[in-house]
Amino acid sequence: MAVGLVTVSLIPFITPGFIPNWFGRIDLYGVSLVCAICIAILVRQLSTHKTARVILGATSLVFGLLVLISLSQSDSDRTLSNYATATLVLIASFLIGPALTGSLLRSSTADNTKPNVMITILTMIGILAIPFLYSDSVRRSTEEALAESLSSQRYYKSLQEAELLSTLAPSAKVLEIPVASLKTELAQQVTMLETSLSEGSSPSSPRSVAHAGQRVTALMQLDRYQEALKLLKEISSQEEAPPQVLDFSGLCCQRLSRWEESRDWYRQSRQFWATQPESPMQHQALISAYKGIAFAERQLEHPASAEQAYLSALKLEPNADIHFLLARLYDQQERTADARKHATQAMTLAPARYGQEGQSLLRRASLSHFGCSQFLSSLN
């Protein structure tokens with residue numbers, strides 16, 4: 001088993017792209033590796049039992065057939081994902097050594113401390129389920145993150161998430177689009193954006209504010225926020241600089257987790273737009289500024305300031321997004337009644353978008369309220 005451990009552990013370092021192509025992420029590989037080692041140890045204990053060796057042989061055959069079926073299919077039609085296939089191969093590589101060793105050393109290991117075959121096999125099945133349950137959790141969170149990244153036009157981040165999702169669930173769909181098609185479209189979009197940036201950086205390219213603004217948008221879509229901030233600073237120094245520079249700077253700092261800077265930029269945006277005549281643009285810009293301020297205040301652990309900013313945005317437009325953001329804030333503060341109120345309003349205004357999340361928040365709030373009530377009643 002030691003030889004197998006050393007060999008398998010070295011694969012990621014001697015095979016470029018092994019982990020991203022087959023496991024998706026290093027943590028998924030780590031979970032599979034640990035589980036494979038645990039199963040191999042249990043198999044080594046069972047290898048002196050004739051029945052156990054028969055079960056082991058049948059299991060290895062099933063694993064082999066599953067792997068062959070999976071490899072013979074296209075990505076979109078695969079019975080198993082790349083991750084599942086690689087995990088089964090990883091486990092099989094550890095099963096061979098203990099099985100052979102056990103059959104050779106059967107006589108020398110015969111003693112009165114033989115393990116219970118049924119309990120050990122059930123334990124192995126439970127361990128085998130761990131990597132697949134973990135990967136399913138990662139898959140669901142990746143689907144949610146991908147949908148959010150797409151709505152924010154973060155194409156580079158979306159491509160990374162689509163690549164991970166295609167490894168874990170090749171037949172998955174996001175926003176009713178197959179992940180395989182989505183990955184191809186995102187790769188083309190990222191390439192197009194990178195090409196436009198490289199062409200636009202030539203000395204002969206125009207240096208107008210409009211052109212610079214297009215470059216800023218492309219940089220933000222590629223998650224290159226430091227470069228975007230540098231260009232935004234150049235734009236703000238010009239007389240004809242548009243006010244959107246303030247909002248974009250706030251968003252860049254937000255994505256870089258520079259919360260105080262982000263809040264300050266959004267405050268400047270709010271101050272500017274508050275002095276402008278009412279218009280649809282002014283209305284939306286103020287809402288964006290308030291939401292940006294509230295997000296930064298939440299990260300800075302200033303819940304009262306975040307609440308005030310959300311309520312100000314809500315006065316301008318009582319939409320589902322702001323109601324749900326408030327519900328989340330109140331849920332964190334354990335203000336159950338307020339959380340339920342705003343979650344319900346968000347679900348009413350946008351049932352398709354917030355129905356499932358709203359129900360989850362309401363259940364959590366109900367359990368919290370029930371627990372507090374039970375505790376208080378026990379004191380009386």
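User: Buried means under 20% relative accessible area, exposed over 50% and partly exposed in between, with a 1.4 Å probe and protein chains only. What percentage of the residues in the protein is buried?

Analyst: This is a predicted model, in which local features need pLDDT of at least 70 and side-chain atom pairs count only at pLDDT 80 or more, while totals for chains, interfaces and linings use all residues. Residues are numbered from 1 along each chain as its sequence is written, and side-chain values use heavy atoms, with hydrogens and water left out. Of the 380 residues in the protein, the buried share is 39%.

User: Where is confidence highest in the protein?

Analyst: pLDDT is the predictor's confidence in each residue, from 0 to 100, and the protein averages 81. Helices (H or I, at least four residues) and strands (E, at least two) are DSSP runs, numbered from the N terminus; the protein has 17 helices and two strands. Confidence is lowest in helix α1 (residues 2-14), with a mean of 56, and reaches its highest value, 95, in helix α12 (residues 259-274).

User: How many contacts beyond four places in sequence does the model have for residues 370-380?

Analyst: Contact means heavy atoms within 4.5 Å. Throughout residues 370-380 the pLDDT stays under 50. Beyond four places in sequence, the number of contacts in the model for this stretch is zero.

User: Is S32 buried or exposed?

Analyst: S32 belongs to helix α3 (residues 26-46). Neighbours within four places in sequence aside, S32 touches F23, Y83, T87, L90 and P131. Because its relative accessibility is 0%, S32 counts as buried.

User: Which helix gives the largest share of the largest nonpolar core?

Analyst: A nonpolar core is a set of buried Ala, Val, Leu, Ile, Met, Phe, Trp, Tyr and Cys residues joined through side-chain atoms within 4.5 Å. The largest one has 58 residues, and those touching the most other members are L146, L165, L186, M220, I235, C252 and Y310. Its largest share, eight residues, comes from helix α15 (residues 320-332).

User: Is L122 buried or exposed?

Analyst: L122 sits in helix α6 (residues 117-151). With M118 and I125, L122 makes a nonpolar surface patch of about 320 Å². Such patches consist of residues with over 30% relative accessible area and no salt bridge (a side-chain nitrogen of Lys or Arg within 4 Å of a carboxyl oxygen of Asp or Glu), with like charges joined within 9 Å and nonpolar side chains (Val, Leu, Ile, Met, Phe, Trp, Tyr) within 5 Å. Because its relative accessibility is 52%, L122 counts as exposed.

Methods. Accessible areas come from the Shrake-Rupley method with a 1.4 Å probe; for residues, only the protein chains shown count as cover.
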